[in-house]
Amino acid sequence: MNSHNLTRHNYFSPENNMKYMSCSQFKSFMECEAAAIAELRGEYIRPVTDALLIGSYVDAFFEGTLETFKFYHKEIFKKDGILKAQYQHADYMIERVLRDRKFMQYMSGEKQRIFVGKIAGVPFKIKVDSFHPHGIVDLKCVKDFKSIWDKAVQCRKDFITYWGYDTQGAIYQEIVHQNFDKLMPFYIAAVTKESPEPDLDIFHIDDETLEIQLGQIKSLAPRFQKIKQGKLEPQRCGECPYCRRTKVIKGPRNFKELQEVYEVE
């Protein structure tokens, strides 16, 4: 078992975020290196959306910290103190999964178990939603289970691949493997935000898929670590909110560049 001093209270501290790579951090670097490092340095704060808050709301319930979450997030309440409609629906999502015996079986493991390890020499930290002796389970709240158009590759992807949950699974499986010398299966326990009735299911991401993703992680993690250490300059994606916010015009562009973008789309 790899030793560490991480707790629920210091897991997301600036010091530990710089010391360790995490799954969310890794995916942020994949999206835009410049935005990811700016966020780590405290130079940029990502906008908090309802979609993120609803997921955190459901996560907090399973962690046993929902009342604390409500205390620190007054924005989820209306002026009269009643939960906004979307969070009332989040309560129903919770109620729905509580009625499903198999879903709750997968969510009955040890909550928020923290592990550390190294991938390609880079320190990683993970926090498992529901850890079982023979399996790793992560809880997800998603819009629905439909495929999603990925304009970067011009095709539709299943929601698990689109949101990088296979990348998360690869990181989690590898770090747990390093701690127990055992390759454990990775599952997504997912509930949708659909109204009036949410959908729910358990998805297994097979080991072959995770192995492929782990290869990509091993190839990219050292570069991202060098950016964190200030040894490499981060690349800008040019499209995210951070890049738009910090954009500096250096001169006029040829308008035909816009036509090229439309042709790709």
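**Exercise 1.** Is Glu95 buried, partly exposed or exposed?

*Solution.* Keep in mind that this is a predicted model. Start with the relative accessible area of Glu95, which comes out at 42%. Buried would need a value under 20%, and exposed one over 50%. Glu95 is therefore partly exposed. Next, look for a partner: the side chain of Glu95 meets that of Arg99 in a salt bridge, at 3.7 Å from N to O.

**Exercise 2.** Take the salt bridge between Arg223 and Glu33 and work out which parts of the chain it ties together.

*Solution.* First, the big picture: searching the whole structure turns up eight salt bridges. One of them joins Arg223 to Glu33, with 2.8 Å between the closest N and O atoms. Now place the two ends. Arg223 sits in helix α10, while Glu33 belongs to helix α3 (residues 33–40), so this pair links parts that are 190 residues apart in sequence. Then check the cover on each end. Arg223 has 26% relative accessibility, so it counts as partly exposed. Glu33 has just 8%, so it counts as buried.

**Exercise 3.** Now do the same for Glu67 and Lys70: where do they lie, and how many residues apart are they?

*Solution.* Both residues are in helix α5 (residues 66–72), and they're three residues apart, or about one turn of the helix. Their side chains form a salt bridge, the closest N and O atoms being 3.8 Å apart; the cut-off is 4 Å, so the pair counts. As for cover, Glu67 is exposed at 57% relative accessible area, whereas Lys70 is buried at 17%.

**Exercise 4.** Describe how strands β1 and β2 pair up, and find the residue with a positive phi in their hairpin.

*Solution.* Begin with the strands themselves: β1 (residues 110–119) and β2 (residues 122–132) run antiparallel and are joined by nine bridges. For a concrete contact, pick Val116, whose bridge partner in β2 is Lys125. Finally, go to the turn. Two residues lie between the strands of this hairpin, and Ala120 takes a positive phi near 55 degrees.

**Exercise 5.** Which residues gather in the patch of negative charge on the surface?

*Solution.* The patch is made up of Asp206, Asp207, Glu208 and Glu211. Zoom in on Asp206: you'll find it in the loop between β7 (200–205) and α10 (207–228). Patch members need over 30% relative accessible area. Asp206 has 35%, which makes it partly exposed.

Definitions and conventions. Residues numbered from 1 in each chain as written. Predicted model: local features only at pLDDT ≥ 70, side-chain atom pairs only at ≥ 80, totals over all residues. Heavy atoms only, no water. Patch = residues over 30% accessible without salt bridge, like charges linked within 9 Å, V, L, I, M, F, W, Y side chains within 5 Å. Areas by Shrake-Rupley, 256 points an atom, 1.4 Å probe, with all protein chains shown as cover. Lys, Arg positive; Asp, Glu negative; His and termini not counted. Charge placed at Lys NZ, Arg CZ, Asp CG, Glu CD. Helix = DSSP H or I, 4+ residues; strand = E, 2+ residues; numbered from the N terminus. Buried < 20%, exposed > 50% of the residue type's maximum accessible area, 1.4 Å probe, protein only. Pairing = 2+ DSSP bridges.
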